[in-house]
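Morning, everyone. I have one structure to show you today. Let's get it on the screen.

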Amino acid sequence: ELIVPGRILRLFCSFTVPPKEKFVVIVATNPINLGFLINSNPTELQRSKKHLSDELIHVSRADGYEFLTNPEPSVLDCSFAADFDLDEMVAQLTQDPSRVLGLITNATRKQIIGIVGESMTLEGGIAKIIIKNLTRKTA
């Protein structure tokens with residue numbers, strides 16, 4: 001199963017401005033497909049607002065994420081859950097299997113669950129779905 005909660009994918013995202021390739025952590029597949037984006041840097045707004053910076057997880061090669069090549073840690077943004085179309089994801093992964101990048105570590109999974117449980121920005125129903133998906137055993 002390629003698309004499971006905790007899976008990291010490289011996807012072309014048409015909703016970003018401009019549209020571009022992004023690293024995405026799948027955080028839910030049931031009943032909807034949701035993902036958190038990994039960004040190179042926090043935005044100015046995220047830097048200036050504590051409740052937003054509190055919802056970022058710093059991730060790097062040192063954490064076991066070999067695909068992150070920036071010398072500075074990247075940020076996994078837990079303040080916005082993007083809605084992904086399953087058919088579109090499958091099409092991208094089928095066309096290019098190198099888009100599948102492994103799974104998040106248990107440490108990252110625990111951090112996400114902790115942040116989502118306290119989130120000031122995610123809608124409550126979405127937060128519950130993410131926690132349920134990430135606490136479900138995938139193995």
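Let's start inside. Look for I8, V25, I38, V59, Y65, F67, L76, I104 and T108: these residues line the largest cavity. A word of caution before we go on: this is a predicted model.

What kinds of residues make up that lining: nonpolar, polar or charged? Eight are nonpolar and one is polar. None is charged.

How much space lies in the largest cavity? About 30 Å³. And the search covered the whole structure: with a cut-off of 30 Å³ or more, it finds one cavity.

Now step back to the whole chain. How many helices and strands does it have? Five helices and seven strands. Follow them along the sequence. The pattern opens β-β-β, then α-α, then β-β-β again. After that come α, β and a final α-α.

How compact is the chain? Its radius of gyration is 14 Å, and the globule rule gives 14 Å for 139 residues, so the chain is as compact as a globular protein of that length. Along its principal axes, the C-alpha trace spans about 40 × 35 × 30 Å.

Next, contacts. Take the pairs in contact that sit at least 6 residues apart in sequence. Of those contacts, 62% join residues at least 24 apart.

Last, inside versus outside. Of the 139 residues in the chain, 43% are buried. Turn to the surface, and the chain exposes about 7,800 Å². Carbon and sulfur atoms supply 55% of that exposed area.

That's my tour. Over to you.

Methods:
Residues are numbered from 1 along each chain as its sequence is written. This is a predicted model: local features need pLDDT of at least 70, side-chain atom pairs count only at pLDDT 80 or more; totals for chains, interfaces and linings use all residues. Side-chain values use heavy atoms; hydrogens and water are left out. On a 1 Å grid over the protein atoms alone, a cavity is a set of points where a 1.4 Å probe fits but cannot get out, and a pocket is an open set with protein on both sides within 12 Å along at least five of seven lines; lining residues have an atom within 4 Å of a point. Grid points are joined across faces, edges and corners, and a volume is the space filled by probe spheres set on the points. Ala, Val, Leu, Ile, Met, Phe, Trp, Tyr, Cys and Pro count as nonpolar, Asp, Glu, Lys and Arg as charged, and the others, Gly among them, as polar. Helices (H or I, at least four residues) and strands (E, at least two) are DSSP runs, numbered from the N terminus. The radius of gyration is taken over C-alpha atoms; the globule rule is 2.2 Å times the number of residues to the power 0.38. Buried means under 20% relative accessible area, exposed over 50%, partly exposed in between (1.4 Å probe, protein chains only). Contact means heavy atoms within 4.5 Å. Accessible areas come from the Shrake-Rupley method with a 1.4 Å probe; for residues, only the protein chains shown count as cover.
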